[in-house]
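Let's take a friendly walk through this model, from its ligand to its sheets and loops. Please keep the viewer open as you read.

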Amino acid sequence: MKARPRANTSKDSGKKTVVAPSAHHMPLLNASGIIKRFNDFTANDDVSFSIYEGEIHALLGENGAGKSTFVKLVYGLIQPDAGVFEWRGDPVTITGPQQARDMGIGMVFQHFSLFQALTVAENIQLALPGGEPLASLSDRVRRISGEYGIGVDPDARVHNLSVGQQQRVEIMRCLLQNPSLLIMDEPTSVLTPQEAEQLFEVLRRFSDSGMAILFISHKLDEIRALSSRATVLRRGINVGTVDTDTRSARQLAEMMVGETVGYVARETPPADGDILLEISNLSRPRPTQFGTPLRDISLKARRGEILGIAGIAGNGQDELMEALIGEWRGKSNGVISLEGIDISHAGPALRRNAGIGFIPEERNGHGAVPAMSLAYNNLLTSHSLAGAVKNGVINDDAMRHAAADVATAFDVRLPNENPLASALSGGNLQKFVVGREIAKSPSVLIVSQPTWGVDVGAAMFIRAAMLDLAGKGSAVVMISQDLEEVFMIAHRIAVLYDGHLSAAIDATDLTAEKVGLLMGGSAASEALET
Ligand code: ADP
Ligand code: MG
């Protein structure tokens, strides 16, 4: 291996500080002036930066910033329209993934492609060229696994593995080809905080051995914990490469969005308010083969608070939301009551009229009808809006005004006066859907993934609006997989795991680590003792 900028490992932080790469060192990969267009849309616009051996380099940006596009170019899955890649100093055209792998580039994708019924070694054998015998392949897997502490058992069947373990199988598959650059596209989005920390340990060992890692994320805290340098993309443009040590999470966020981020934070938790929404012993069977049963769920949401429900996707979030909205009319046990009145048997319209606002996760089709104007979308959940419907006739003017008021109050940027919902960007449509519900001053707001896929600026706006609603005396129940978001605004936090809901605990008494243990299925007694 050639000379490279050697890393000093700082034992205290567990984080590497790579000696500042200088002109003396040749980058492993250098990108200059990379441009990639999709029709009229420029997804990468003059992106230039270098990655050095032994470096953990973060590629940071909001959804849609062009991160995945960039790494697909590096891995040869798509070709740039302009610009040059250099590999160890030589210009290269990366025509496909096979060439990328031959050069020494490995990539772990967000979604895994493993055969569930096969063993780890069988899966890896299928993916590697050369038809290496299973026995020697298994030996190599065991040796490399031990060397880096990856914990991959070649004989395990994939269907018995957790998501984190499956990800490590994908990493192993890359390692067997001896990469000098390992690319990971948002690897922690499917992991608990503990699994993410284990992954970071492994990645640090890789980097100690000289491997370069290009790590994509939009989570600022983990980027600061793991990487020494970060390149920030904003709308396809490279806004800079910085030493992460010298920037706060807030400064990185500002680079990402290009404006001052209005940070929100909850005030001190309110004193025990009245119970507005209560669920007692709610159970329901698995709705489909892939669904999750709800198992004896109880919660109380009080006036003035945001109750955060954390958890990894697929642990009953959709089923709980369905039960709360009143869309699920099959067999269930338990009672849902609003201000002391049993609403278990009421449908969605009755529940809305009784004072509950709902913001489902899927804004297209569920939260809003894409092919309808904003005015009609507003009417959908607001039949009782003053003046909108008189004697069964819709008052067009009143409707437009109501929608325009929501747009103004919630900073929804409209392309014209009364656009179709489908004409709005994701962040703007979500602000409209949230604004529409909050404008009705519901006594209880139930929201799932309020800022999913929304840019940082709009996300902060939405969170501030929910805090404001709680501050005015409503109760907000927020189901969210974004733990940073839960800690930012929830007063109390409960965790959904495999259809069970843990007891809600004051956020100030919790740490991300404790919540992470609950998210991974640890018993509350264990998780809360740590
Ligand atoms: P990120 O990974 O940062 O979230 P992507 O690189 O996936 O962003 O996407 C950047 C932008 O390019 C997005 O607006 C996306 O819609 C667009 N885009 C990505 N791939 C394609 C494609 N194959 N065709 C058209 N547009 C695309
Ligand atoms: Mg992406």
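## Ground rules

For sorting residues by character, Ala, Val, Leu, Ile, Met, Phe, Trp, Tyr, Cys and Pro count as nonpolar, Asp, Glu, Lys and Arg as charged, and the others, Gly among them, as polar. This is a predicted model, in which local features need pLDDT of at least 70 and side-chain atom pairs count only at pLDDT 80 or more, while totals for chains, interfaces and linings use all residues. Residues are numbered from 1 along each chain as its sequence is written, chains are lettered from A and ligands numbered from 1 in the order in which they are written, and side-chain values use heavy atoms, with hydrogens and water left out.

## The ligand and its shell

Around ligand 1 you will find F38, F41, A43, E62, N63, G64, A65, G66, K67, S68 and T69; a residue counts as near a molecule if one of its heavy atoms lies within 4 Å of it. By character, this shell around ligand 1 splits into four nonpolar, five polar and two charged residues. Both β4 (41-51) and α1 (67-74) supply at least two residues of the shell, and α1 gives the most, with three. Here helices (H or I, at least four residues) and strands (E, at least two) are DSSP runs, numbered from the N terminus.

Three backbone contacts with oxygen atoms of ligand 1 are worth a look. A polar contact is a pair of N or O atoms within 3.5 Å; within protein, one must be able to donate a hydrogen and the other to accept it, and residues adjacent in sequence count only if both atoms are side-chain atoms. A polar backbone atom of G66 is 2.9 Å from a ligand oxygen, a backbone N or O atom of K67 lies 2.8 Å from one, and for a polar backbone atom of S68 the distance is 2.9 Å. On its own, ligand 1 has 560 Å² of accessible area, and the protein covers 59% of that. Such areas come from the Shrake-Rupley method with a 1.4 Å probe; for residues, only the protein chains shown count as cover.

## The protein as a whole

The protein has 530 residues, of which 51% count as buried. Buried means under 20% relative accessible area, exposed over 50%, and partly exposed in between (1.4 Å probe, protein chains only). There are 17 helices and 25 strands. The accessible surface comes to about 23300 Å², with 50% of it belonging to carbon and sulfur atoms.

Among contacts (heavy atoms within 4.5 Å) between residues at least 6 apart in sequence, 66% join residues at least 24 apart.

## Strands and their partners

Two strands pair if DSSP finds at least two bridges between them. An open sheet of four strands runs in the order β14-β13-β16-β17, with antiparallel pairing. β14 (294-302) and β17 (341-342) stand at the edges with a single partner strand each, so one side of each has no neighbour in the sheet. Six bridges join β13 (residues 275-284) to β14, and L277 has A301 of β14 as its bridge partner.

Parallel pairing appears elsewhere. β8 (residues 105-108) is joined by four bridges to β9 (residues 181-185), with M107 partnered by I183. I105 and M107 point one way from β8, G106 and V108 the other way, and all are buried. β18 (residues 356-359) and β21 (residues 444-448) also pair in the parallel sense, over four bridges, and G357 stands opposite L445. In a regular strand the side chains alternate between the two faces of the sheet.

## A buried helix face and three loop residues

Helix α8 (residues 249-257) has A249, L252, A253, M255, M256 and V257 buried. Their cover includes β5 (56-60), α7 (220-226), β11 (229-234), β12 (237-243) and α14 (456-471).

Is H491, in the loop between α15 (483-489) and β23 (492-497), buried or exposed? H491 is buried, at a relative accessible area of 6%, and a polar atom of its side chain lies 2.8 Å from the backbone nitrogen of I306. Y52, in the loop between β4 and β5, is buried too, with 9%. I94 sits in the loop between β7 (90-92) and α2 (97-103) and is buried at 3% relative accessibility; the residues that I94 touches include L73, F85 and M103.

Conventions:
Lists of a residue's contacts leave out its neighbours within four places in sequence.
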